[in-house]
Amino acid sequence: MKFTANLFALMTLSNLAHGISGQVLDTSGEPIYGASIEVAGSRLQTQTDAQGRFSLEVNTSQLREIHINAPGHSHKTVILQAGQDEPLKVTLQHTVIEQIDVTATPLHASTIESAQPVTVVAGEELRRKQASTLGETLKNEVGVHSSYFGPVASSPIIRGLNGPRVLITQNGLDSADASRVGPDHVVATETITAEQIEILRGPATLFYGSGAIGGVVNVVDERIPTSSENRTAYSLGSNTVADEREASLAHTGGNDQLAYHVDSFWRKGDDYEIPTSSDYGKESSEVLENSDSKSKGFNIGGNWFLDNGSIGLAYGRLERINGIPGHSHSHAEEHEEHEEDESEHHDEHEEELEVVSDLKQDRWQLASELSLDNPWLSGLDARIGYTDYEHSEIENNAIGTTFSNQTLQARVNLLLQEMAGWRGAITLESKTTDFEAIGEEAFTPPSTTESSAIGLIQEKHTGEFLWQLGARIERVTIEATDDDWEGGNLDKLAFTPYSFSAGLVWDIAANYNAGISFTHAQRAPSAAELFSYGPHIGTSTFEVGALFRLDDTEEPYFYYENNVEEEVSNNIDLSFRRHSGNIGWVLNLFYNQVDNFYYERNTGYTSEDIEEHGHDEEEESHDHGELPVYVFDQADSTLYGLEAEFAWQISKPITLTLWGDTVRGKLDDGGNLPRIPPARLGSMLSYSSNGWDAGIEITHAFEQNKVSELETSTAAYTLLNTELAYTFQGSQHDLTVYLKANNLTDELAYVHSSFLKELAPLPGRNFSVGLRGMF
């Protein structure tokens, strides 16, 4: 913070004496209202009026790159020569593939300007796909699957990678929960109040560090409002498969100097229904027991607008109670009542309330964006966040384990002035995470992880080429703070991962471009991957970290040995895109060679087979039966695959979308990586006209039989979904009423990437009804 204050003191602003103006039109010559005009490498931006006109105060004495974007139209970049001040006349092409600006990177750009594949889900599309968990919301995006721990916990998998390799962020800062530790832990973000969700596929370490070696999912909301425009949004919904009800309300207002925002949500669902033909466990059932949940939360924030930027602050609270599938029956609401009067309810619910997760999170976030006219800097972005997270796993009405995570993170992006046509940013970042698991089932010791990093990214337009370069180095230290852990005195581990990338976007011809990127990225392992040793009741496994070695004898046991190494990824991405016109398509090919890849391997042993050290009699008396033993191993691995999306606007109201993806994960010494998602194909036929929106969607997942040792194959399945909505449009109020049907054929479908594959199939036939509006 002292560094930032000194930096502010050294910077001076100059009056902007020049400006640019112009008009944005479509191909028929009609003006485009609401098109976004942004000066690249700065925070200077505006929007077009009803006549498509705009004006923006900017120093035109040097070369300027102007980005123009509008919904339903292809992104366009205009290069202004130094001193040019004639009005611009810009024509945007119609596109069937939306091109939305990405906020997850220091240099905001549209999805077609990135050498690496980026997907943004926003607006009505996000409202239509929104589900109770982040993983279920994004599971049908190209290249994205879900870890699916039942409906209560579902995290995104990007190109076969998840856990500590895929970073989940809220407005650019780590979500700072425990979802990277285990698949049964909820991602502490809420999609119902999000404005857009950005998916960076492939290594994003240059922006976010080694924890993003597989990609980033950035959830963007308005808790720190970017505008003081007065608006209110609300939604109500319910479904039949879990008798789930939900409601949300958000309001933004203010004046020219100050904006404020408040939002809240509430959601409650019972055990969800599964196809009646399923046979999970030993007997058939119509519901997945222990899959109920109840959650609520709110955010409140404000933003102070300055002449050259803004400074904002927000606070958010999230609470969630849910059963953990795979155990005895439980009801989150009954647990809540039990907390109010333990003595009254203990005897009544002792057998029913076996495993419940009770989550609470408090999150503070500060954000500042400033435009500068300094000889070296054109802008400064600062993000500071503090998160206090805790969840308890409650077994038979008693707390078995409590996980807590306190995270303090600060990131400063220094936007550099253009030099010889290059524009870019320097990123400075610091993060401290104190993680603790306390209780009889604490499978990892308390630990402190500290990291600091500096990164540089640069890009330059030369004719039809956009060059992108970047590099980052960080220092990561991980220390277990419990000297009495299973392995004895654990070392303080230090890593210095570095990353660099080079990319090129080539405008091959009108409406077409191609991207190629190479990224060398290193990752420091997480504390859970290193130190775990013990029963994890959520996943019903016995987890052992990479710091322990298995002595595979007649009486097998683990012993402590520190010879872990950083994970090293060399990733190549190729992208081909048709981005304008009534036909659009994207094809991505990727190849990722990962040395020292950390993965959870099923040893074939159970917890009763191994010789345990350091357990006292009380711990030994807490019996979970025979749990399969999974150990974090390191091995050289290769992941490769392709992603494709095709969209055709057959007529003005009708659009056909086809998509597919596949990923192959192999061990270089032979064999397959576990829990790699299957290949998929999907299609959607949609209709939109005169307030009516309708669609029919078919998704087919192929059989996954390329499995690892001791892993079973998973059968193919096909899901049929439909939706119908009508929007009542008023001068000041829009109201949409919708009806959706998922899995209409009541197909029995198992998720291969889930630890609960055999126990928790996807939901059965489900009808949803609801409304959403804005005024």
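## Strands S17 to S19

In this predicted model, Arg231 has Thr252 of strand S18 as its bridge partner. The strands concerned are S17, covering residues 231-239, and S18, covering residues 245-254; they run antiparallel and are joined by eight bridges. Five residues lie between S17 and S18 in the hairpin that they form, and Asp243 in the turn has a positive phi of about 50°.

S18 also pairs with strand S19 (residues 258-269), again in the antiparallel sense, over ten bridges. Ser248 has Phe265 of S19 as its bridge partner. S18 and S19 form a hairpin too, with three residues between them.

## Glu643 and its surroundings

Glu643 is part of strand S37, which spans residues 628-649. Its relative accessible area is 1%, under the 20% limit, and therefore Glu643 counts as buried. Two arginine side chains make polar contacts with the side chain of Glu643: Arg159 at 2.8 Å and Arg201 at 3.1 Å.

Beyond the neighbours within four places in sequence, the residues in contact with Glu643 include Val142, Gly143, Val586, Leu587, Asn588, Phe590, Gly660 and Asp661. Val142 is 501 residues away from Glu643 along the chain, yet their C-alpha atoms are separated by 6.2 Å.

## A nonpolar surface patch

Leu258, Trp304, Ile311, Leu313, Trp364, Leu366, Tyr386 and Leu408 make a nonpolar patch of about 760 Å² on the surface. Strands S21 (309-323) and S22 (355-371) are the elements that give two or more residues to this patch.

Leu313, one of the patch residues, lies in strand S21. Leu313 has a relative accessible area of 44%, which falls between the 20% and 50% limits, so Leu313 is classed as partly exposed. The same value is over the 30% required of patch residues, so Leu313 passes that accessibility cut-off.

## The protein as a whole

The protein contains eight helices and 43 strands. It has 775 residues, of which 57% count as buried. Its accessible surface comes to about 31,800 Å², with 52% belonging to carbon and sulfur atoms.

Among contacts in the protein with a separation of 6 or more, 65% are between residues 24 or more positions apart. The contact of Glu643 with Val142 spans 501 residues along the chain.

Definitions and conventions
Residues numbered from 1 in each chain as written. Predicted model: local features only at pLDDT ≥ 70, side-chain atom pairs only at ≥ 80, totals over all residues. Heavy atoms only, no water. Patch = residues over 30% accessible without salt bridge, like charges linked within 9 Å, V, L, I, M, F, W, Y side chains within 5 Å. Areas by Shrake-Rupley, 256 points an atom, 1.4 Å probe, with all protein chains shown as cover. Salt bridge = Lys/Arg side-chain N within 4 Å of Asp/Glu carboxyl O. Helix = DSSP H or I, 4+ residues; strand = E, 2+ residues; numbered from the N terminus. Buried < 20%, exposed > 50% of the residue type's maximum accessible area, 1.4 Å probe, protein only. Contact = heavy atoms within 4.5 Å. Pairing = 2+ DSSP bridges. Polar contact = N/O pair within 3.5 Å; in protein donor to acceptor, adjacent residues only side chain to side chain.
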